[in-house]
Structures are given as C-alpha cells and as structure tokens.
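New to this one? Take a moment with the sequence and the 3D view before reading on.

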Amino acid sequence: MATFWIILTAVLVSSACAILGCFLILRRMALVGDAISHAVLPGIAIAFLWSGSRDSLWMLLGATVFGLLTVFFIQSLQAGGLSSDASIGIVFTALFAVGVILISLNAQHIDLDLDCVLFGEIAYVQWDTLTLGGTDVGPRAVWMLGITLLVILVVIGLFYKQFKLCAFDPALAAACGIPVVLFHYLLMGLVSMTSVASFESVGSILVVGMLIVPAATAYLLTDRLGKMILYAVLIGAASSVGGYIMAYALDASIAGCMVAVAGILFVLALLLSPKHGIVFRYARRKFAAR
C-alpha cells in the first residue's frame, strides 16, 4: 500500500507540473517554477514564527503569499527594463536568502529542516493522513495535490484557447481583446499553488524537475499543444513509476531518481525524436547531401 501512495503522489505532482510546464516552456519562462519553489521559504518561516505551528494550512498561506509576491517582483523588475532571466535570478535568490536568514536567526524556535523543504521525502507521505469525521481518508498530500490538479484542469479547460493564444502570440491575443496580463498572472498563480501544494511532501527539486523536463521532452516530440500536454503528462507519470523502481533498486532518493528518469527520457527524445532529434536530423542532412 505504501508503494501505491508514493507513486500516486508522484503522478499527481508530475501531472499538475507537466500541464503548467507546457505553457511555461512555450512562453520561455521555465525557471519561474524554480524561483517560486525556492522563494516560498521565508513565507514558511514567517508562518511558523507567527502561528507557532507546523499546521499545513498556515504553511500554505504563508508560502502562497510569498509565491505570489515572487511573481509580482519578477514582473516589476521586467517592467523596469531588466531581462527575464536576471529578474528571476535576483528575486528567487534574494527571497530564498531571507528565508535562510530567518530560520538561522530563530533556529531554537523553528523546527524546520531545510533539506526537507528542498528535497522533501515522498516516502513518508503515507504517514501524514487526513481524518474526516474520525475516518482516515488517506494521505493529506494526495488530497491536496488531487484538488490542485482538479483546479488546474478546470481553469485550463475553461480558458484553453486564451492560454494557447497568449502562449504563442501575446500581441495577437491582446489585439483580440484577451486580457493577456490577467491570464499571465492566472498562470503564475497556478504555478505558485502547485509549488506550494507539492513542496511539503515531495520537495522543490521534484517540483522544478517535473515543471520543466517532461514538458521540454514533449516539446521535442510534437508541434501541437494538445498532444504536447498529453505527452508531458504521460512522460511525467512514466518518470514517476520508473524513478520509484530505480530508487528501490539502488536504495537511493526517490525524488532524485524520478527526476533522473525524466532526464533520461529527455535525452532519448533529444536524440531520437523523428522531427527534432539529433540522429534523425543528421540522417536527413546526409541523405540530402547525396
């Protein structure tokens, strides 16, 4: 049963991240998820200092506020003329440093493990269960991630055309009357919510990996957004299952192995993709040269 909950949690994380990652890849904003997943640390520390509790609700609220602040600060710096990558790097390193300082200054009052926040421990999700009416209904992380994935599916499903047009051609979207800024912040809000919902159980490393790698792999396999999202979800799920098997065989970090398997699948797609793969492009050039 433990294996089932671990794999289910990983598949929920990878699916939620893969869907959003496709839009981030198309908008050249892949590292925003990295920024948010690190920048929520001061929110976690402040929530704990204020509430004196490690209750998930307070942690979620504190982290969500700083996740949204991260998006706002990045956009403000970009509006001021700074490049996107520089804005992301400045904001997430600065906020992460603030979180580290808060924890180090109040170490005797904060029972938080930085390694747990960064790397998580997905093997323990089965022990943190949710009880409703005196009945154990399963791991808290599964419910939290399931609701998060449901919200993402509903929002993307309702506004798929708007998100698609904003990703490919923001200028045309604005000309068509679509509020591009609103949908940008809505997407960033979904990324923030996913990062916050995921990091407590699986850590930021798995979140960042699943936001970027499955979507980048799917990008190499198709030129259609619908298929790209489907492929990214399937690749994320395959990485979750394959990573768990690898971790079991090697007695290694589960989250690390899952991201490693995703990286292996990306390399295979980079080499063997029929349209963008290095091997097929080389073969086409050799054939055309004859």
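What follows is a short tour, from the overall build down to a few single residues.

## The big picture

First things first: this is a predicted model. The protein chain comes with 13 helices and 2 strands. Line its C-alpha atoms up along the principal axes and they fill a box of roughly 70 × 50 × 35 Å.

How does the radius of gyration fit with a compact globule? For 290 residues, such a globule would come out near 19 Å, and the protein chain has 20 Å, so the two agree. Sequence-distant parts meet a lot here, too: take the contacts between residues at least 6 apart in sequence, and 69% of them join residues at least 24 apart.

## Surface and charge

Of the 290 residues, 45% count as buried. The protein chain exposes about 14200 Å², and 70% of that is supplied by carbon and sulfur atoms.

As for charge, there are 14 positive and 13 negative side chains. The centres of those two sets lie 26 Å apart.

## Inside the core

The largest nonpolar core has 75 residues, and Phe23 and Ile122 are the members that touch the most others in it. Helix α10, residues 180-221, gives this core its largest share, with 16 residues.

What does Phe23 touch, once neighbours within four places in sequence are set aside? Its contacts are Ile156, Phe163, Lys164, Ala167, Leu187, Leu225 and Ile229. Two of the residues on that list, Ala167 and Ile229, are worth a stop of their own.

## Two partners of Phe23

Ala167 sits in helix α8, which covers residues 160-168. Its relative accessibility is 7%, so Ala167 counts as buried. Skipping residues up to four places away in sequence, Ala167 touches Phe23, Leu26 and Arg27. Ile101 is another story: 66 residues from Ala167 along the chain, with 37 Å between the two C-alpha atoms.

Ile229 belongs to helix α11. Buried or exposed? Ile229 is buried, because its relative accessible area is 13% and the cut-off for buried is under 20%. With the same sequence neighbours left out, up to four places away, Ile229 touches Ile19, Cys22, Phe23 and Tyr160. Ser15 is 214 residues away from Ile229 in sequence, yet their C-alpha atoms are 9.3 Å apart in space.

## A residue in between

Ala94 is part of helix α5, residues 84-105. Its relative accessibility is 38%, so Ala94 counts as partly exposed. Ala39 lies 55 residues from Ala94 along the chain, and the C-alpha atoms of the pair are separated by 7.9 Å.

## Two loop residues with positive phi

Here's some background: most residues other than glycine have a negative phi. Arg28 has a positive one, near 55 degrees, and is not a glycine. Arg28 is found in the loop between α1 (2-26) and α2 (32-39). With a relative accessible area of 75%, Arg28 is exposed.

Where is Asp251? Look in the loop between α11 (225-250) and α12 (254-272). Asp251 also isn't a glycine, and its phi is positive at about 55 degrees. A relative accessible area of 72% makes Asp251 exposed.

Key
Residues are numbered from 1 along each chain as its sequence is written. This is a predicted model: local features need pLDDT of at least 70, side-chain atom pairs count only at pLDDT 80 or more; totals for chains, interfaces and linings use all residues. Side-chain values use heavy atoms; hydrogens and water are left out. Helices (H or I, at least four residues) and strands (E, at least two) are DSSP runs, numbered from the N terminus. The radius of gyration is taken over C-alpha atoms; the globule rule is 2.2 Å times the number of residues to the power 0.38. Buried means under 20% relative accessible area, exposed over 50%, partly exposed in between (1.4 Å probe, protein chains only). Contact means heavy atoms within 4.5 Å. Accessible areas come from the Shrake-Rupley method with a 1.4 Å probe; for residues, only the protein chains shown count as cover. Lys and Arg count as positive and Asp and Glu as negative; His and the chain ends are not counted. The place of a charge is taken as NZ of Lys, CZ of Arg, CG of Asp or CD of Glu. A nonpolar core is a set of buried Ala, Val, Leu, Ile, Met, Phe, Trp, Tyr and Cys residues joined through side-chain atoms within 4.5 Å.
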